[in-house]
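Me: I should like to go through the terms applied to this structure and see how each is justified. Please set each value against its cut-off.

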Amino acid sequence: MEKVVSGIRPTGNLHLGNYFGAVKSFVAMQDQYQCLFFIADWHSLTTHPKPENIQASARTILAEYLACGIDPTKAPIYIQSDVKETLELYLYFNMNIYLGELERVTTFKEKARQQPDNVNAGLLTYPTLMAADVLQHRAHKVPVGKDQEQNMEMMRKCARRFNNIYGVEFFPEPQNFYFGEKALKVPGLDGSGKMGKSTGNCIYLRDDDKTITKKVMKAVTDSGPTEPNSPKPEVIENLFTFLRIASTPDTYQYFDEQWNNCTLRYGDLKKQIAHDLVEIVAPIRAKIEEYSANTELLDKIAREGAEVARASASETLKAVREIIGFRK
């Protein structure tokens, strides 16, 4: 059975971009593949979180994983920092990757612009740590969003380069896995870009019904269609993306026809989107609160997941040391 590995940084509550872009894929895969899912607390250090926030955020993400439907008896869940083998493989990959390759990664350049006073080495080598996360388990597939495609190519480069340097066929080249036919980019509510915590344009899985509705009703629009069958501008296409992922095909077709015949009322469109998103989020939110109250269970799940992950990573690192030429 093919292995699948993926994780999310604990930088606050999960939002709909995380859910549709990654976690929904996690749930879909757990019955078909040998899955390991983790909470990437080391990755969060690129933004220097406070110590107390790291542990609390890890538990938050774990509760949200469970509420979304990940079953730890099928797909173990662990916290990244509980598997120290990751750091050793991270070191080896950093020795084989070049500065120019890392500097050309789009996500690094974007983050460097966003936090010019904190362009740290961890931010630069984010792709090699991500590669170590996955390749320590010799995984074949990684559920990712569209924004991670370049990091995935860097991961495959790490695997190829290791294999070429040492003349082996040890690491597989993991492939992107998408819940749909292609990578899903969930838009923000501000009319541009993707949904993200740093831009404040998110709907969170913990948002109550009133908050979700309020956020959607404030979503950016334009003055409306003026010619039949005209292309939708980005801000309107974003709203239709929400319809596509949260509503029925008939609902999408209904509003699409209204756009095409210039009778669309944005207030009606937003109310429909808000209603359908509430239907998705409300039951997840209730389960999040239930799991969050049981910290003993959360810690047990993380501990058991770490045992599985360490056993997998240790086997890989033992072989890697022998291939490189270090003592057993």
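**Salt bridges and burial**

Reply: In this predicted model, aspartate 207 and lysine 215 form a salt bridge, with their closest N and O atoms 2.8 Å apart.

Me: What makes the pair of aspartate 207 and lysine 215 a salt bridge?

Reply: A salt bridge requires a side-chain nitrogen of Lys or Arg within 4 Å of a carboxyl oxygen of Asp or Glu. The closest N and O atoms of aspartate 207 and lysine 215 are 2.8 Å apart, so the pair qualifies.

Me: Are aspartate 207 and lysine 215 buried or partly exposed?

Reply: Aspartate 207 has a relative accessible area of 11%, and buried means under 20%, so aspartate 207 is buried. Lysine 215, at 25%, lies between the limits of 20% and 50% and therefore counts as partly exposed.

Me: Which residues are joined into one network by salt bridges that share partners?

Reply: The network consists of Glu153, Arg156, Arg160 and Glu173. Within it, glutamate 153 and arginine 160 have their closest N and O atoms 3.0 Å apart. Glutamate 153 is partly exposed at 34%, as is arginine 160 at 30%. By the rule used here, the count of salt bridges comes to 17.

Me: How do you know that lysine 157 and glutamate 101 form a salt bridge, and which parts of the chain does the pair link?

Reply: Their closest N and O atoms are 3.5 Å apart, and the limit is 4 Å, so the pair is a salt bridge. Lysine 157 belongs to helix 8 (residues 149-166) and glutamate 101 to helix 4 (residues 99-103), distant parts of the chain 56 residues apart. Lysine 157 is partly exposed at 22%, whereas glutamate 101 is buried at 11%.

Me: Why is threonine 128 called buried?

Reply: Its relative accessible area is 0%, and buried means under 20%, so the term applies to threonine 128. Threonine 128 is placed in helix 7 (residues 126-135). Beyond its neighbours within four places in sequence, its contacts are Tyr90, Phe93, Asn94, Ile97, Leu102 and Cys158. The side chains of threonine 128 and asparagine 94 make a polar contact at 2.6 Å.

Me: What makes up the lining of the largest cavity, by class?

Reply: Six nonpolar, three polar and no charged residues line the largest cavity. Among them are Gly188, Leu189, Val235, Asn238 and Phe242. The volume of the largest cavity is about 30 Å³, and the search of the whole structure finds one cavity of 30 Å³ or more.

Methods
Residues are numbered from 1 along each chain as its sequence is written. This is a predicted model: local features need pLDDT of at least 70, side-chain atom pairs count only at pLDDT 80 or more; totals for chains, interfaces and linings use all residues. Side-chain values use heavy atoms; hydrogens and water are left out. Helices (H or I, at least four residues) and strands (E, at least two) are DSSP runs, numbered from the N terminus. Buried means under 20% relative accessible area, exposed over 50%, partly exposed in between (1.4 Å probe, protein chains only). A polar contact is a pair of N or O atoms within 3.5 Å; within protein, one must be able to donate a hydrogen and the other to accept it, and residues adjacent in sequence count only if both atoms are side-chain atoms. Contact means heavy atoms within 4.5 Å. On a 1 Å grid over the protein atoms alone, a cavity is a set of points where a 1.4 Å probe fits but cannot get out, and a pocket is an open set with protein on both sides within 12 Å along at least five of seven lines; lining residues have an atom within 4 Å of a point. Grid points are joined across faces, edges and corners, and a volume is the space filled by probe spheres set on the points. Ala, Val, Leu, Ile, Met, Phe, Trp, Tyr, Cys and Pro count as nonpolar, Asp, Glu, Lys and Arg as charged, and the others, Gly among them, as polar.
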